[in-house]
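Please open the model in your viewer and keep the sequence panel beside it. The tour below moves from one selection to the next and says what is to be found at each stop.

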Amino acid sequence: MTLRPTQSSTYALVQSGLRMNMARLVRAQEQVATGKRILRPSDDAAGTSISQSFLRQIAKVDGWLESVGGARTRLSAASSRLQDASGILTEARSVATASMNGTLSAADRLGYASQLEQMAVNLMEIGNSSFGDRYLFSGTASTTKPFDIVDTPDGKRVVYHGDEGRSTALVGRDVEIDTSLPGSEVFASSDPTGTTYAGLTGAKSGTSADMGTGYETLAVRTAAVIGLPQEGIVVSGDATIIGDHALVVDAAAGTVQLGSGPAVSIETPLPADLEVRDADGSVLTLDLTGWTGVGFSGVATGEGEISLDGTSWTAFNGTETNLQLTDSASGAVVHVDLTGVTRAGEETLVFEGTTNVIDTLLGMAHDLRNNQDLDPAALLDSMSLRLDELVAGQDRLLVSLGDLGSRQSRLDRADQRLGDLRIQLQGLESEVTDADLSEVVLDMSRAEQTLQVAQATGARLLQQSLLNYLR
Amino acid sequence: MSGIGLNIGLSGMLSSQKALEVLGHNMSNANTPGYSRQRLSLGASQMLLQAGGGVLGNGVLASGVERASDGILGRRIVSQTAVAKALQASLGSLRGVESLFNPTGHDLGDQIDEFFLSAASLSTDPVDQVRRNGMVQSAQHLTAQFHQTADSVASLARDSENRVDFLLGEVNALAQEMVGLNQEIAQVEAGGSSANDLRDRRELVLGQLAELVDVQTVEHSNGSLSVTVGGHLLAGHDLAATMRSERNDDGTLELFVGNTTKPVGVTGGEIGGLMTFVQDYLPGLQARVDDLAKNLVLEINRAHSTGAPLGGGFERLTGWVSLEDADGDGAVLDEKLSDAGLPFEVTAGSLFVHVTDPETGAVESHELLVDPDAMSVGDLLESLDGIDGISAGLDFFNRVQILADGDKRFDFTARLDANPDGVGSFGGQRATAGSAAAGPFTLTSGATLDLSGTSGPFQITFDAADFADINEATAAEIAAVINADPASSAGGIRAVAEDGRLYLQSTGQGASESFEVLGGSLATAVGLPTGIHTGQDLAVAVELHGEYSGSKNQELTFTPLGDGTIGTTPGLQVEVRNAQGQVVGLLDVGEGYQPGSALELGDGLSISFGVGTVAASSNQGFVAHAIADSDTADLLVGLGLNSFFQGTDAEAIEVVGALVDDPSLLAASGNGAEGDNGALLELLALQGEAVEGLGVSFGESYSNLVGDIGFEVVATESAAATEESLVDSLKARRSELAGVNVDEELVEMIRFEQAFAASARFIQVVQELQDTVLRLI
C-alpha cells in the first residue's frame, strides 16, 4: 500500500480490482456452462495429465471390449450350431443302433441309409455354416468353405479344406482368448491310436505301423481257384475262397460241402451254378453239369489278390505277415498280416482317432446300402466299427462344446470386468475434470459479492476530493 | 527602503504566481503517462545591505522548477518491465500452443486411440474389407492430425516471427524519437535549466522501448542518454541504429543491431519473449511431436512389416525409403546398409523370407543373415534375388523392390514351415547321406571325395579356388563343386546344402536307388558316412504343427538315434538339439508310436512323423525354424518394405499409398492364413506398452506432452504475474514519489494563493508607508 496515493494509482487500483473479480465471475460462469473444471491444460496441469492417462486407459479398454464383442457373437453363433450338431449325432446314434438289427429287410436298411445320409448332409451344412461372410469352422481360412463331399471308389468321403490355425482375441493386457474353431478338431480328430479291421476277411494289422485318416476299404479277391476241375466239376462263377478249403462231394448222400459249411444237396438236373458256402462265408460256385457222378474229397485253393485303393492289386499267398499296401489317392499306408485270410471281400478298416463324424455317417449309409452284398455278420462288424467312431466323434463334439462354453464364459466375464473397469475409469476421469457445481456456485457468489463490494468502495473512493469542499 | 520593499513584495507575488502555475501544470498533467510532478524551488534572496549592521534579505527567489524523480527507481522499472513483458509475450504464445493441444475429444491422443480401436475391430475379423478400410481411414485421420499439429506449430512460429518484425519497426521509431529527445534535452539543459517535461517524455519512450527489448542505458553529462541492446548502441546523442531481423541458413530468425554481423541475443521485452518462444520452446515441442510420429512409424511398421496381406503373400513390394549414395560416386549398390541413409537403424540379425506357391500351398522358407556394417545394398539385393521364386532390385527412385516370379507369393511372417524336411534328408525317397554337422568345414586344397553311383566309381577333387576360404568351406560351396562335376550327374548323385549341412542324394527316388560313399579326405573332413546308402519307396512325412509361442528365434535340429522304421522299430528315437547344440528333446518314434500323431516339442509346437525308415548311419536329419521375430535385423522397417506408415516426422507421416489404394494389402495375418490376426495382435500390444524410443507408450507420451504444456503455461503464468506485480509495485513507488495527487496540489494551491495575497498585502503596506512619507512632504 502506498503511503502517498496519487490520482493515477488510485484509478489503476480500482480498475484492477474490478477486473480481477469480474474475471473470477467469468471463470465460474465458464465452469458452470461446460460442467468442466479443466477446459485447458493450464487450468490444472497435473489434473490434465491424470485425466489424459485415464482417457488413454479407457481407449485401451474400448479396444478390448471391441475384441470381446467380436469374439462373443462369433462363438455364440458357433455354439448354437454345435448344439444342433450334437442333437443330430444323438439321433444318428439311435438310427445306427436300430439299423444294426439283424432281422431288418434290405428295404428297411435302405431307409435307414438315406436317413443317415441326410444327417451327414445336415451335419456338413452345420460344418459349413457361416457367420456374416465368414465360415465358422474353417480355422483361419475363414473364406474357404471347410467341408466338401467327394466321391471315391470307397464311396462318399468328406474333405476338409480349412486349416488348423489359431486366432485369438486380445481381451486384456497379455490376456488372449482362443477364438478359433477348426472343423478338423470339432468334427474330426487327428490323434491316431491304431488301425482296426472289421474282421470280414481275417486280415490283421501287420508288424509295421500304419498311417492314414478315416476309413479305408481293404479289398481281397480270389484271382483263381486251384484244385478243380475234378470228376468233371468246374468253377463256374463267383469264388470268394482264399487259401485251402476242403471240398467234399458225397455221391452217396448227393451233397457238396465246402470246409465246415453246410452240405448242399445236388439237385437233378445237375445245376450249372451250385453255390457252396464255407462257415467263414466264403463262396464257391460250381458247375456240376459235367459231373462224372463219382464222389471225392479234395481241396479247393483260392489264390488271393489284395488292394487298398481298388485299382492296383497285389497277389498274396497267405504267408505274408507285413505286406505294405498304399492308397495313392488318400496317402494311406497299411501293413497287413494275411496269414489268417480265408475269404475274399471288402473289409472296412479304420484308423482310429482320425475319423470325421460326417465320414462315419456316410460310411454307415454306404454299409447299409450293402451294394457289395455283405452278409449280415460282416455288415454288423463294419457298422459296429463305425458306431464306435461315431460315439467317439460325439464325445469330441461335446468336448468342443464344453470348451466353447468355457471360452464363452471367459469372454462374458471379460466383458463384465472390462465394462466395470470402463465405468470406474470414466468415474475417475470425470472426478478429475468435471466441475463440482456446488463449489463453483459458491465461488461464483463469493466473486459476485467481492465485485459488488469493490464497485461500491471504488465509487466512494473516486468521489473523494478536496474540491467538494472548496467554495 | 521602498524600492527594496516593493521588490520583496513583488518577488513574493511573482514566485507565488509561478508556484500556482506549476501547480496548475501538475494538476493538468495528473493523468499524463510518465509525468513527474514538479515543484518550484524557492529560496530567500540575499542582498548584502548594511543597515545598522544587519543583513537583510531581498525577498524570495524562484530558482527553478524541479522534477520529482529517482533515477535508480526509473532504471529498475525499465529493466523489470523488460522481464515482465518477455514473460507476458511468452505466455501469450504458450496460450496459443495450449489451445492447439486442448483435450477436445478429437485431438492427437484421441486419434491414436481411434487408430488402435480400429485395429482391435479388424482383429475380430481380419478378412473384412470394411474394417480394413476403417483401419486405413482412421490411420489417415491420425496422420492428418499430425500434419495439422505440425502446421499449427509452424504457423505459431511464423506468427511470432511476424510479430517480432512488426515490433522491430516500433523499436526503430522509438530509437529515432529517443535521439530527438536527447538532442532537445541537451540543448535545453546547456542553458543550465532542467528539461523536466522532455525528460519525462524520454523516460516514457525508454519505458516503451523496454517493453519491446531489454535495453541498457548510460546518461552523459550533457543530459543525453545512450541506449544499448545486447551491447550494441541503439540510440545515442545524434545517431539511431536500425534493429533488423534476418533468417539464417537453418531457417531460424536472428536479430541484428545496426551494421553488426553478429546476432544479438535479446531475452527481454516482448521481442525477447517471442524470440525465446520461437527459438527455445517451439523447437522442443516440435521435436516431441516429431518423436512421437517417428516412433509410431517405427513400431507400427515393425509389427506390420512381418505380417501378411489378404491372399497370404505379396506379388510385389516397393519400399518407401530411397537409398542414398553416401559416397557420391553415383552408385547406391556399393553403400553399406549402415551408410545408405536409412531412416531407421538396421541391426545385425536375420530376416526370414517365405516364398509360397498358392497353387500347391508349398512354402519355401529362407533365412537371410544381415550385418549392416558389412553388407552392402548390392549384397543384400543379390541375396534376396538369389532366393528361388523372387527377384529384387532398385527402382528409379533407389527404393528396394521385390517381385514374385509367376504366380508365386512371398512374405516375411513368423510362419511355421509345416514341412521342414524340404529336401527329404530325413527318411526321404532318395538315398541320402549327410554331413556329421553343419559347416563351415576345414578343407585342404586337393581334397578328394570318392563316390560310386549308377555309372561306377568316380572321384571329385576340390581346389582352394572353389572356395572363398577353404578353411571355412561352406556346404553350399562344396555342393556346387560336386554338382558341377559331370560324373555326379552321370552317376545319379546330387549334392544339396540345407541349413549349413551337406547332403548327398540319389537323383532318382525309390527303394531301388542307391549310391556308395567310398571315402576320400573330404568325406572324412565333412563327416560323410562311407558305405552304401539306399532310398525307399515311402518317404517319412514330417509335419510341424502349432504356433510358436517362444520369445526367441529357435533353430531345432532333428536327427534319428539309430536306424529303423517309424512306429515299428523298438526304441527308435529322434533327438532334438537347439542352435547351441544342447539336446532339448528326445522323441520316441519307435514301436508304440502312431505315425502321424503329434509329439509335443514345447512352446506351442508339435511334430509328427509318417511311416518310413530313417537312418542315423547315413547322417540323416533336418532343421526346423521356430520364428518369434522374423525380422530381428529390422531390415524391413529400415528399407520401408511392407510398411504401414511412411515418413519420419509429424509433417511427413503418411499411410503408405499402396495401402490406401488397396486395403487388402494391410498385413493383418501373422502367418499367411487369411483369418489370422497375429500381426494385428502384435500391433495392438503396442497400445499399452512402453515403446523403446519413447520410454512410455504412445498414449502416455501424448498425455505427458499435454500435461507438460499445461505446466509450462502455469509456470509462465505465475512467473509473469510475479514479475508484473513487481513492476506494479515499482511503478507504485514511482507514482508515490512522482505522481500527482490533486488534493495535495489543491492544498498547495490554497497555500500559494494565500502567499500571493500576503505578498500583495505587503506591497500595499509598503505603499501605505510610502504614502505616509509623501504626505509628510
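What follows is a series of selections, beginning with a whole chain and ending at single residues.

This is a predicted model, in which local features need pLDDT of at least 70 and side-chain atom pairs count only at pLDDT 80 or more, while totals for chains, interfaces and linings use all residues. Residues are numbered from 1 along each chain as its sequence is written, chains are lettered from A and ligands numbered from 1 in the order in which they are written, and side-chain values use heavy atoms, with hydrogens and water left out.

Select chain A first and colour it by secondary structure: there are seven helices and 20 strands, where helices (H or I, at least four residues) and strands (E, at least two) are DSSP runs numbered from the N terminus. Turn the chain along its principal axes, and its C-alpha atoms fill a box of roughly 175 × 40 × 25 Å. The radius of gyration of chain A is 45 Å, whereas a compact globule of 471 residues would have one near 23 Å; the value is taken over C-alpha atoms, and the globule rule is 2.2 Å times the number of residues to the power 0.38. Of the 471 residues in chain A, 47% are buried, a word that stands for under 20% relative accessible area, with exposed meaning over 50% and partly exposed in between (1.4 Å probe, protein chains only). Among the contacts in chain A with a separation of 6 or more, 68% are between residues 24 or more positions apart, contact meaning heavy atoms within 4.5 Å.

Now turn to the aromatic rings. Over all chains there are 16 aromatic pairs, counted for rings of Phe, Tyr and Trp (its six-membered ring) whose centres lie within 6.5 Å, with planes under 30 degrees apart called stacked, over 60 edge-to-face and the rest tilted. Select F147(A) and F187(A), an edge-to-face pair with 5.5 Å centre to centre and 90 degrees between the planes. This pair links distant parts of the chain, since F147(A) is in strand β3 (residues 147–152) and F187(A) is in the loop between α4 (183–186) and β7 (194–197), 40 residues apart. F147(A) is buried at 1% relative accessibility, and F187(A) is likewise buried at 1%.

In chain B, the rings of F644(B) and F645(B) have centres 4.9 Å apart and planes at 80 degrees, so this pair is edge-to-face. Both residues are buried, and ring pairs join them with F115(B), F116(B) and F698(B) in a cluster.

Next, display helix α2 (residues 71–100) of chain B, whose end C-alpha atoms are 44 Å apart, in agreement with the 44 Å that its 30 residues should span at 1.5 Å a residue; the expected span is 1.5 Å times one less than the number of residues. At its start, a side-chain oxygen of D70(B) reaches to within 3.1 Å of the backbone nitrogen of I72(B).

Which residues surround T124(B), once its neighbours within four places in sequence are left aside? They are E66(A), S67(A) and G70(A) from chain A, together with R131(B). T124(B) lies in the loop between α3 (108–123) and α4 (129–190) of chain B and is buried, with a relative accessible area of 16%. Its side chain is joined to that of R131(B) by a polar contact of 3.0 Å, a term for N or O atoms within 3.5 Å; within protein, one must be able to donate a hydrogen and the other to accept it, and residues adjacent in sequence count only if both atoms are side-chain atoms.
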